[in-house]
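Open the model in your viewer and keep the selection box handy. We'll hop from one spot to the next, and at each stop I'll tell you what to select and what is there.

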Amino acid sequence: MKISFFNIGKQLTLLFLMVFITIPSFGAVDPDSLNEFTERGMKLWNVPGMSVAVVKKDKILFQKGYGTTAIENGQSVDEHTLFAIASTTKAMVVAGILILVDEGKLSLDDLIIKHIPELHFEDPSLTQQVTVRDLLAHRTGLPSTDYWPFLQNTPLDEQLILLQKVQAFAPVRTRLIYQNTMFEIAGIVIERLSGLRWDEFLTKRLWKPIGMFETYSTRSQIGEEHSYVKPHFYFENQVIEARWDIPLNKSDASGSVWSSIHDMSLWAQFLLSNGVTADSTRLISKKSIEEMFEPHQLSATYDFYPTIELTKPNWRSYGLAWFQQDFQGRKIDYHTGSLSGLTAIIGLDRASNIAIIALGNRDHAELRHALLWEVMDNSIENSRRDWNYEVFDLYEKRANEREKNWEETCKKQIKNTKTSLPMDAYQGKYQSSIIGNIIVEKSDSMLIYKSELIEFEMSHWHFDTFLFKNLPMQVKDFATFTIGIDGTVSSFELYGYTYERIKDDETDK
């Protein structure tokens, strides 16, 4: 058989062209397709307003605002509309810490008590082990203490004292447990080493040098020239306005920052450029940027995002303010932000030089995850997955499972029982040694749990147990009251915490 080298050459050329055409270019974004994907997702999730951007380190591939800032009297969203970026704030706080590391003012492996000597944990051995790195990697083993900022508006200096009563759920550096208070403490570290409040330091040393002039640490700093979104829930088949999670003027290093998609695009480009601004100014050393994205704590499936059921990673970890996993053979770093009625996500494929940011104003609208994986998916066109519907179906399935579990709980309710005492008797002031003081008041046929910032209904379930709920927030649990030997209410249990009744003569003590 005679072999023609000319024919072989043609076949090799054809094969090369086929490979070139069918293998997608990393970071290739079709604006029309992504626009249609976003609009379809917003309808699916009932999101009033969003901003979305996809960037490379030297180029904006996509940047657009959608919908409205509010369902009532809202304004059109554009690239300068401000959104709460919530916990995506954390990577900025890490950046502030790393600037100080580069200046030699601290090491990530410093014990935290070196910089905050008044900080002590319930376990004395933990006090002698926890480092700055442990705070930033959520690996202290401490459980969430979100009831302090989101229920009680507890001042940070009081939180430091209360931490002495919080028992760890796991030994240090053995489990990823998300812990917002640790990032508030990181903010204290920045203040004590720089002489500036954490947000002042970031404004001076990070945001302004990058060109982020539409980024603020509190809502109260937003000027009249900027429009900003309001938070929303989707409840009983309609979008409703939600309450604010964080008070107007509260600066919280774990997640109080507001920014625009314009500024967040600059932030993502700065990260893709390994700490260098658009005008070639290095703000953070490359070594420190690598430290930010280095895996620091492996994660179990139950401590990670539910979307791993779809992406099926081989490994999961947490860096310094970044969740991490493999996807299609690549390492993806990403983080969400969630406040009542507000969402955010930023994701980076650093090896392929691409980042996605999505900001929204509807509570836990997981369209953000769909957008992340739509952009990161490099499958050929005829084998691409519909991430909109896959993510939506995943969360619908989880919601249906919760509803099924709730139906099973309802079957255990004992009907036609009464409380041991008249409803008025359950009113009063109560105190948890960890959470703080709350008030229980009677309102019509139910009780109302009043914390510093928010109220919950407590409707009679059976005997002296009440259903504790805030349905728009998807909160349901049970509070069980105890009657003392004197025939009066002495305490109640909720979420594993005991609230002791404060007697009238103890109120002013």
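Select K312 to begin: with a relative accessibility of 62%, K312 counts as exposed (the cut-offs are buried under 20% relative accessible area, exposed over 50%, partly exposed in between, with a 1.4 Å probe and protein chains only). K312 sits in the loop between α13 (308-311) and β8 (316-318). Helix and strand names follow DSSP runs, numbered from the N terminus: helices are H or I with at least four residues, strands are E with at least two. Check the backbone here too, since K312 has a positive phi of about 50° although it is not a glycine. Most residues other than glycine have a negative phi.

Some housekeeping before moving on: this is a predicted model, where local features need pLDDT of at least 70 and side-chain atom pairs count only at pLDDT 80 or more, while totals for chains, interfaces and linings use all residues. Residues are numbered from 1 along each chain as its sequence is written, and side-chain values use heavy atoms, with hydrogens and water left out.

**Another positive phi**

Now pick H138, in the loop between α6 (132-136) and α7 (147-152). Its phi is near 50°, again a positive value in a residue other than glycine. Is H138 buried or exposed? H138 is buried, at a relative accessible area of 1%.

**The loop before α6**

Go to Q128, in the loop between α5 (124-127) and α6. Q128 counts as exposed, at 51% relative accessibility. Draw a distance from its C-alpha to that of L111 and you should get 7.1 Å, for two residues 17 apart along the chain. Leaving out residues up to four places away in sequence, Q128 touches L111 and I113, where contact means heavy atoms within 4.5 Å.

**The open sheet**

Colour the strands next. An open sheet of 8 strands runs in the order β2-β1-β12-β11-β10-β9-β8-β7, with antiparallel pairing; two strands pair if DSSP finds at least two bridges between them. Its edge strands are β2 (59-67) and β7 (297-298), each pairing on one side only. Helix α11 (residues 261-272) packs on this sheet and touches β1 (49-56), β2, β11 and β12, with its direction at about 30° to that of β1. For angles like this one, axes are lines fitted to C-alpha atoms, for helices over the stretch in contact, and the values run from 0 to 180 degrees between N-to-C directions.

At the β7 edge, select Q297. Q297 is buried, with a relative accessible area of 7%. Show what is around Q297: its contacts beyond four places in sequence include R173, R175, R316 and Y318.

Step inward to β9 (residues 323-327), where 5 of 5 residues are buried. In a regular strand the side chains alternate between the two faces of the sheet. Turn on side chains in β9 to see this: F323, Q325 and F327 point one way, Q324 and D326 the other.

Both neighbours of β9 are worth a click:

- β8 and β9 run antiparallel, joined by 3 bridges. Y318 stands opposite F323, and in this hairpin, with 4 residues between the strands, A321 takes a positive phi near 75°.
- β9 and β10 (residues 330-339) pair in the antiparallel sense over 5 bridges. D326 stands opposite K331, and in this hairpin's turn of 2 residues, Q328 has a positive phi of about 50°.

Further along, 7 bridges join β11 (residues 342-349) to β12 (residues 354-360), which run antiparallel. Look for G347 opposite I356 there.

**A helix pair**

Select α2 (residues 31-45) with α14 (residues 367-376): they pack at about 160°, with their axes 10 Å apart. That makes α2 roughly antiparallel to α14 (under 35 degrees is roughly parallel, over 145 roughly antiparallel, 65 to 115 roughly perpendicular and the rest oblique). Which residues of α2 and α14 make the contact? Show L34, F37, T38, G41, M42 and W45 from α2 and L367, A370, L371, E374 and V375 from α14.

**The barrel**

Last stop: 8 strands close into a barrel in the order β13-β14-β15-β16-β17-β18-β19-β20, with antiparallel pairing. Neighbouring strands in this sheet are turned by 30° against each other on average, direction ignored. Zoom in on β15 (residues 446-450) and β16 (residues 455-462), which are antiparallel and joined by 4 bridges. There, Y449 has F456 as its bridge partner.
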